[in-house]
Amino acid sequence: MDRDDGLNDRIDRLERQLARMKFVGSLLAVLACVLILSSLQSKPPGDGVLRARGLVIEDEAGRERILLGAPIPFAKNRVRTDPERVAKTWGPRFPKEYLDFYKGYRHDVNGLLVLDAAGFDRLALGDGVPDPNIGKRIGASTGLVINDEQGFERTGYGLLKVGDHYRANLGLDSANGGEGLSLCLFDEGGVGVVIADQEQRLFLGSAPPGFPLTGLSSALHGLVLLEGDKVKKVFNAVEDK
């Protein structure tokens, strides 16, 4: 299999992942409605509309497992909002400044949050999803986030607003917390696929001059390979015309 075939396969997998995530999102929305309706003990008065600030679903051991609200209710079993557990669980993996930065992270979501039995965030769906536990997003994101069993984001689909523009992104993250494969579209210009592996990053697509993912001061319609912030190779159809 040549490099182009391999890249096409990755793009196909990304598209299939997006379709599955949309299905999961729709399924969770239906589940949320079912949970609300099943919690009713009697018919609501008046217009028949149930109004509440939040809903907490517990497992048989009494642990909070599903949080629904605008924003979601507090859960004592949740790792992300317990400073002592954050310091013990994630603190040793990062520089000492991490805990200071962590204080400014977003943990709320207007929507649905699923916790595992240990209290780690596993899935968030809604408006303004929580920041990754490794850093703040550059803007509020509306969408779906799926984490691993240690609470690290592994995949997500979101619409971010940065300044006056929107950015749509579907990302698949590696075990070290960085994006391994993503499909992105920026309203201010730029659309493409990013493939990253440790220090190397490959961008394939179209982008205006100064696009943050290309490292180029010129426009791109093609491919660029970077190591860190240094451009190593460029194939640019704009320059080849």
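Which residues line the second largest cavity? In this predicted model, the lining is made up of V79, R80, W90, G119, F120, D121, N147 and G151. Sorted by class, that comes to 3 nonpolar, 3 polar and 2 charged residues. The space inside the second largest cavity is about 30 Å³.

That cavity has company, since the count comes to 2 cavities of 30 Å³ or more. The largest cavity holds about 70 Å³ of space. Its lining takes in 13 residues, and the ones lying nearest the centre are R80, P130, D131, V145 and N147. Two elements, strand 4 (121-127) and strand 5 (141-147), each give two or more residues to this lining. As for the make-up of the largest cavity's wall, 5 residues are nonpolar, 3 are polar and 5 are charged. R80 and N147 turn up again here: they sit among the residues nearest the centre of the largest cavity, and they also belong to the lining of the second largest cavity.

Now for the pockets. The largest pocket has a volume of about 1000 Å³. It is lined by 35 residues, with N169, D173, G178, E179 and S182 closest to its centre. A run of strands supplies two or more residues apiece to the lining: strand 5, strand 6 (153-162), strand 7 (165-173), strand 8 (179-186) and strand 9 (191-197). Strand 5 thus appears in the lining of the largest pocket as well as in that of the largest cavity. By class, the pocket lining splits into 14 nonpolar, 13 polar and 8 charged residues.

The strands themselves belong to a wider arrangement. An open sheet is built from 12 strands, in the order 1-2-3-4-5-6-7-8-9-10-11-12, with antiparallel pairing. What happens at the edges of this sheet? Strand 1 (54-58) and strand 12 (230-236) stand there with a single partner strand each, so one side of each has no neighbour in the sheet. On average, and ignoring direction, neighbouring strands of the sheet are turned by 10 degrees against each other.

One pairing can be followed down to individual residues. Strand 2 (residues 64-69) and strand 3 (residues 110-115) run antiparallel and are joined by 4 bridges. Here L67 stands opposite L113 in strand 3.

Definitions and conventions: Residues numbered from 1 in each chain as written. Predicted model: local features only at pLDDT ≥ 70, side-chain atom pairs only at ≥ 80, totals over all residues. Heavy atoms only, no water. 1 Å grid on protein atoms, 1.4 Å probe; cavity = no way out; pocket = protein on both sides within 12 Å on 5 of 7 lines; lining within 4 Å. Points joined across faces, edges and corners; volume = space filled by probe spheres on them. Nonpolar A, V, L, I, M, F, W, Y, C, P; charged D, E, K, R; others polar. Pairing = 2+ DSSP bridges. Axes fitted to C-alpha atoms, helices over the stretch in contact; angles between N-to-C directions.
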